[in-house]
Amino acid sequence: MKKTIIISVALLLGLSAMAQTKGYHTRRGNKAYKVFNFQSAIDHYSIRLKRHKGDSVYLQQRIADAYRLMNQPQNSEAWYRKVANQADMPVNKFYLADALRSNQKYDEARTWYEKYKASSPGDKNIDDIIAGLNNVGDLSKDKGIFKTELANFSSGASDFGPAFYKDGEVFFTSNKNARRDNNLTDNWTGRNYYQIFLAKPQSEGATTYDIKKVVKCKPNGKFHDGPVAYNAATNELIFTRSNYKHSTAKRSADRHTVHLQLYSMTFTEKKRSKITPLIVNGKDFSTAHPALSADGNTLYFSSDRPGGYGGADLYVCTRSGTTAGWSAPVNLGPAINSKYDEKFPFIAADGTLYFATNALGGLGGLDVYMTHQENGTWTKPENLGAPVNSNRDDFTFIVDSANKKGFFASNRSGGLGEDDIYTFTMNRPKLYNVTVMVIDSMTHQPLKEVALMLTCTKTKDQGSFTTDEGTRQLTLEQGKKCSVTATKDDYAPVSVDITPKDKDQVITIAMAKKALRLVVSVKDKETMKPIYNAGIYLTAAGQPSYTYGTDSSGWLITNLPVGTYTVSSPEYKSITGTVSPADADPTTGIVTKEYRIDHNELKVMVPLTANCFTSTVAYTDLKTGERKEVQPNKEMYVRLDLNLDRKYTIEHNGRVDTISTKGLMPGQVIEGPCKFYIGQIWVVNDIYYDLDKSYIRKDAAKELDNVARIMKENPTLEIELGSHTDCRQTMAYNDALSVRRAKAAVLYIVSRKVKMSRILAAGYGEHKLLNGCACEPTNVSDCTEEQHSINRRTEIKVLKY
């Protein structure tokens, strides 16, 4: 069945299709392709391909597309493999991935979806599709909610689109019967055009049906008719029909497109009724797949009209008292619609909306999803899973007013024809939702890709899930107590219980890294006073050192990856030794180390402020003549380890100061001698910008907070904040971008309660590059992203102090 809402083909595929008319069989194939006779087109293309290899790329592309449009994923997979890496057709990667997913080759499908994502960065829905592959295992499990079987009125043809009529009767759409009286057949399928049929149960409650085509009331026309929606209260039948009249489109390809439209009539089986097109139709787009609310006053449908999100979207309109009959259609929005196709809606009596889409990363092809409105907003669509959904197309799902029985269509293996109608019984228990959030217990940041194992009492049901951005919504059954266990490499597993009392709540799981918990105490041996900021290095064999400083109470408390570490200190020789899990207290699991420092080892720490954080600081012991140099750290200060009762000279920014440690206490923090001076310039560390962006990143916010702190501590300080870009883009564009970045940084500092009058924003564009990564006049450079990021910087210049 052609489940595309537009019965059309993209005739021009970016390969100059109409220009590739070389050879008799290519021309014949193009002619057949143009009128949707894809099997004939494939036959001609194959002959030409066998005889003339020079046309292989074009012919392979046409054959692949033809098999896709004929909904033959095994054949389309084979042919898209031949053309998937064409640079000018990145969508071939997507088509190959889709075919692989339909063929249940999910790991390989993920690889090709990722390749498509890399080649088409503007596709906003591809991440949802890739993430959906994580759920294939769970969606494939039969949870016992649905029991399905093939409906006895399915035939060996294409049957789909069931719709409730009355007294157990069911409308459906089919291309059964070899030919109609007018001897017209559909080139696409080689069968009769789709017509509307009515299945009547042989007795009340029976599951066997008698079939007849709806003829006397004449909803069936020359070409495709169906599927339908019926309102029992008014006997109104709204149905889909091919619009075979000429389009008003200007492009030749568009004029040959046969679109779909919706029509309305009063339905009785014995007499004809007037057929009226709905006001929501258009000549140059399709409107199809109607669904009526229980009261008949709300109409849902699928359409590829302009202004949507791409492909076919779902729309809604309400009955009005105007001559038009219906209000203007409203798109259901991005919670439901995507770049791809959303079709075949059905609105249940309880307000649940069921629809089919190929956009959300289901099992393959079209899958059926359900959603409902909460406070006027559609909830995130939920995949119905197996056995309703399969790796092929599953669609036209309907359920009765009691939410117990219904029908759907599928072209899964094991059926009778191209598409078959299945009947189901549904025993959906009362459910409730909880959201599980998994965070790092130390940083409190969300943890991605955490494995969640759900186990519930009174049932054998259990499920495996994975967090996406640190959260995962779980749907659980009322009356059952459940537990969920979170596991992740390098973290200790954590289990929590969930009960119905947690309905609609966020359950937070804090995971701690598998760690060696270390507690270190450093004190003055004579006075037993704590030593602040005593440097401690912890080094495991072959690994970088972890560098710490004790807090104001002389304590260091930290968690380390499990291992054996060597302990040392840059200033205190007596801080030495090793720590390992074997040293841990058997009760608490904590390793404790206590160090007592002799008086002659004690030092003081001098942090220098503001203007020192971009320059080397040299200090000399005037007693011994020993000279050392240090660099500022990321926290924007330098630390000088000075002996007690000594004098030192400190050289920084071209000036020399003298400082004395006489009378100071061990570990005491004192103000450094640095001062501001007019014209002084420094780069604020780590205020980098993403390419072509001016917003303040999280890493930059921390550094701007420090600038704000310095200005508050120095109320007479006035500065210029200059923003610099890299060379990519034009010089004029970069000038404007740097101004936006400077203003963004200034506004951020002002938001921290610093007067705007004290800060001047300046944009220098690409005029002051630091490393020669210039692009003019081509706007292209061989520099790496890291090199370009150095030029995207912020500089502070002292204007007044």
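The following exchange examines how several descriptions of this predicted model are justified.

User: What makes helix 5 largely enclosed by the rest of the structure?

Analyst: Buried means under 20% relative accessible area. Ten of the twelve residues of helix 5 are buried, so the helix is largely enclosed by the rest of the structure. Among them are Phe94, Leu96, Ala97 and Leu100, together with Lys93, Asp98 and Arg101.

User: Which helices do the buried residues of helix 5 pack against?

Analyst: They pack against helix 3 (56-69), helix 4 (73-83), helix 6 (106-119) and helix 7 (126-132). Contact here requires heavy atoms within 4.5 Å.

User: How do you know that the span of helix 5 is close to the expected one?

Analyst: Helix 5 covers residues 91-102 and reaches 17 Å from its first C-alpha to its last. The expected value, at 1.5 Å a residue, is 16 Å, and the span is close to that. After the helix comes Gln104, with a positive phi near 65°.

User: Why are strand 6 and strand 7 called paired?

Analyst: Pairing requires at least two bridges. Five bridges join strand 6 to strand 7 (residues 236-243), so the two strands count as paired, and they run antiparallel. Val228 stands opposite Phe239 in strand 7. The two strands form a hairpin with four residues between them, and Asn235 in the turn has a positive phi of about 60°.

User: What makes strand 6 largely enclosed?

Analyst: Seven of the seven residues of strand 6 (residues 225-231) are buried, so the strand is largely enclosed by the rest of the structure.

User: Which residues touch the most other members of the largest nonpolar core?

Analyst: Tyr113 and Ile126 do, in a core of 38 residues. The elements giving two or more residues to this core include helix 1 (24-34), helix 2 (38-51), helix 5 and helix 8 (136-139). Helix 3 gives the most, with seven residues. Leaving aside neighbours within four places in sequence, Ile126 is in contact with Phe94, Tyr113, Tyr116, Lys117 and Tyr340. A second, separate core of 25 residues includes Val170, Ala199, Ala348 and Met370.

User: Where does pLDDT stay under 50?

Analyst: It does so over residues 246-256, for which the model has 14 contacts beyond four places in sequence. It also does so over residues 609-613, for which the model has 21 such contacts. Where pLDDT is low, the predicted coordinates should not be read in detail. For the protein, the mean pLDDT is 82, and 86% of the residues reach 70 or more.

Terms used
Residues numbered from 1 in each chain as written. Predicted model: local features only at pLDDT ≥ 70, side-chain atom pairs only at ≥ 80, totals over all residues. Heavy atoms only, no water. Expected span 1.5 Å × (residues − 1). Buried < 20%, exposed > 50% of the residue type's maximum accessible area, 1.4 Å probe, protein only. pLDDT = per-residue confidence, 0-100. Core = buried A, V, L, I, M, F, W, Y, C linked by side-chain atoms within 4.5 Å.
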